[in-house]
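Subject: Structure for you to look at, with notes

Dear colleague,

I am handing over the structure we spoke about, and I would be grateful if you would read the notes below with it open in front of you.

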Amino acid sequence: MIRTQRLAAGVCALLAALTAGLAFPAGAVADETTALAPKVDLVLDVSGSMRTKDIDGGTRMAAAKQAFNEVLDATPENVLLGIRTLGADYPGDDQKTGCKDTAQLYPVGPLDRTEAKTAVATLSPTGWTPIGPALLKAADDLDGGTGSKRIVLISDGEDTCAPLDPCEVAREIAAKGIGLTIDTLGLVPNTKMRQQLSCIAEATGGTYTSVEHTEELTDKVNQLVDRAADPVVTPVATDGADSCAKAPTLKSGLYTDREEFGQERWYRVDVEPGQELRASVSVAADRTMNPDYGVLLRAVTVHGREIVRGESAGNGRTDVISTGLRYPKAESDDEEAPAETVCLQVTNAFSAASGVKTTPGMPVELTVDVVDGPSQASDVASFGLGRGWWLLGLLVLVGFLAGLVWGWLSRWRVAVWRTN
């Protein structure tokens, strides 16, 4: 009897161990899937102005609620979604208190559609418009994980919590290099609000959209949530050097770095005979800059001889400036010919406005692509005009024949005129 009980206990212990052993890997896989999942935080303005009735015959709040309900129904299963409000709780006149009025209505995570809709239904237009504080909190909501992160801000007015400028807040978020994008939607916007929301979006590479109908709001938010679910390429952090000799060697890919004002950054790329190097660089003006600036991308040999360059200039009307270049390496009859080391130099001509911090450096995104070079027989550009010579010759011939015909007709008409 005792022996039978011991045997039964041993079998139970073995089954428990096996169950635990199977459970741990499953849990690890679930944690990894969650870490890679895209995150979206919908930030909704619930200030008093949302009571205004000017969207399809109803209030702005009613339009937002209807749009949210439809968006929640259409949210992809793999998206971790949350909802944050601003101006939803404090109805008083004290600005200091009103500018703290932002709360997480629904935490960022796996979506329970019924629970999220119930939370949205309780909202009522109340107080201030603390956009800057809400963006800071929303960035914290999305902290952690390696998937894409997106804030979708929906507001019907500009921020009322100066001097905390929401555009500067967005630039600070971009400067952290966490890959967070802010998209903004303005309900029945005026000029000042449009400028502020556009600045917020541009600072992080997002988009601004003006909305005046419920259907437009629904479609745009759905589009942005779906975009978050799309696979993204995460730039690889690299550290450029102050000279080519010390520069890191890069393969084809997308890289991110930081560059201080007036600084130059160097990178190396190996190009085999018969290959073509395609490189582009974008520098984000993530803080207030003086107008008239530029970015230069040069490809040079290890001995300092310039091969090709790309350059672009700006005048303060955009927050990102980009340029690129192409360099085809000629084929070699020697099958063992070594690769050529090409040095890429990124230089900027930015200067910060008075009182603006110069550190950390500005975000730099560098794309490097080394591909098989174009075929001499098929590449149009390899012969200057390429097949364009045929077209040019045809046009010359047609022009010549047309001139002969016109001359003959003119002489015939003159002859007939003289005869008559």
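The notes that follow begin with the chain as a whole and then turn to a helix pair and to four individual residues.

Please bear in mind throughout that this is a predicted model. The chain holds nine helices and 17 strands, and of its 420 residues, 41% are buried. Among contacts with a separation of 6 or more, 74% are between residues 24 or more positions apart. The surface that the chain exposes comes to about 22800 Å², with carbon and sulfur atoms supplying 56% of that area.

The helix pair consists of α6, which covers residues 166–175, and α7, which covers residues 191–203; their axes lie 8 Å apart and make an angle of about 5 degrees. Since angles under 35 degrees count as roughly parallel, the two helices, α6 and α7, are therefore described as roughly parallel to each other. On the α6 side the contact is made by Pro-166, Cys-167, Ala-170, Arg-171 and Ala-174, and on the α7 side by Gln-196, Cys-199, Ile-200 and Ala-203. Sorted by class, the residues in this contact of α6 with α7 are seven nonpolar, one polar and one charged.

The next point concerns two residues that are best read together, Asp-141 and Gln-104, whose side chains are joined by a polar contact of 3.2 Å. Asp-141 belongs to helix α5, which runs over residues 131–141, while Gln-104 sits in strand β5, residues 102–109, and the polar contact thus links a residue of the helix with a residue of the strand. Asp-141 has a relative accessibility of 15% and counts as buried, because that value is under 20%. Gln-104, by contrast, has a relative accessible area of 37% and is partly exposed. When residues up to four places away in sequence are not counted, Asp-141 touches Asp-41, Arg-84, Gln-104 and Val-108, and with neighbours within four places likewise left aside, Gln-104 is in contact with Ile-83, Arg-84 and Asp-141; Arg-84 thus appears in the contacts of Asp-141 and also in those of Gln-104. As for distances between C-alpha atoms, Asp-141 and Val-40 are separated by 9.3 Å although they are 101 residues apart along the chain, and Gln-104 and Ile-83, 21 residues apart along the chain, are separated by 6.2 Å.

Two loop residues complete the notes. Glu-212 lies between β8 (208–211) and α8 (214–229), and at 43% relative accessibility this residue counts as partly exposed. Apart from residues up to four places away in sequence, Glu-212 touches Ile-55, Asp-56 and Val-188, and its C-alpha atom is 9.3 Å from that of Arg-60, a residue 152 positions away in sequence.

Thr-238 is placed in the loop between β9 (236–237) and β10 (253–259). With a relative accessible area of 18%, Thr-238 is buried, and, its neighbours within four places in sequence set aside, Thr-238 is in contact with Pro-248, Leu-250, Tyr-255, Thr-256, Asp-257 and Tyr-267. Tyr-255, Thr-256 and Asp-257, which are among these partners, carry numbers that fall within the range of β10, 253–259.

With best wishes

Key: Residues are numbered from 1 along each chain as its sequence is written. This is a predicted model: local features need pLDDT of at least 70, side-chain atom pairs count only at pLDDT 80 or more; totals for chains, interfaces and linings use all residues. Side-chain values use heavy atoms; hydrogens and water are left out. Buried means under 20% relative accessible area, exposed over 50%, partly exposed in between (1.4 Å probe, protein chains only). Contact means heavy atoms within 4.5 Å. A polar contact is a pair of N or O atoms within 3.5 Å; within protein, one must be able to donate a hydrogen and the other to accept it, and residues adjacent in sequence count only if both atoms are side-chain atoms. Axes are lines fitted to C-alpha atoms, for helices over the stretch in contact, and angles run from 0 to 180 degrees between N-to-C directions. Angles under 35 degrees count as roughly parallel, over 145 as roughly antiparallel, 65 to 115 as roughly perpendicular and the rest as oblique. Ala, Val, Leu, Ile, Met, Phe, Trp, Tyr, Cys and Pro count as nonpolar, Asp, Glu, Lys and Arg as charged, and the others, Gly among them, as polar. Accessible areas come from the Shrake-Rupley method with a 1.4 Å probe; for residues, only the protein chains shown count as cover.
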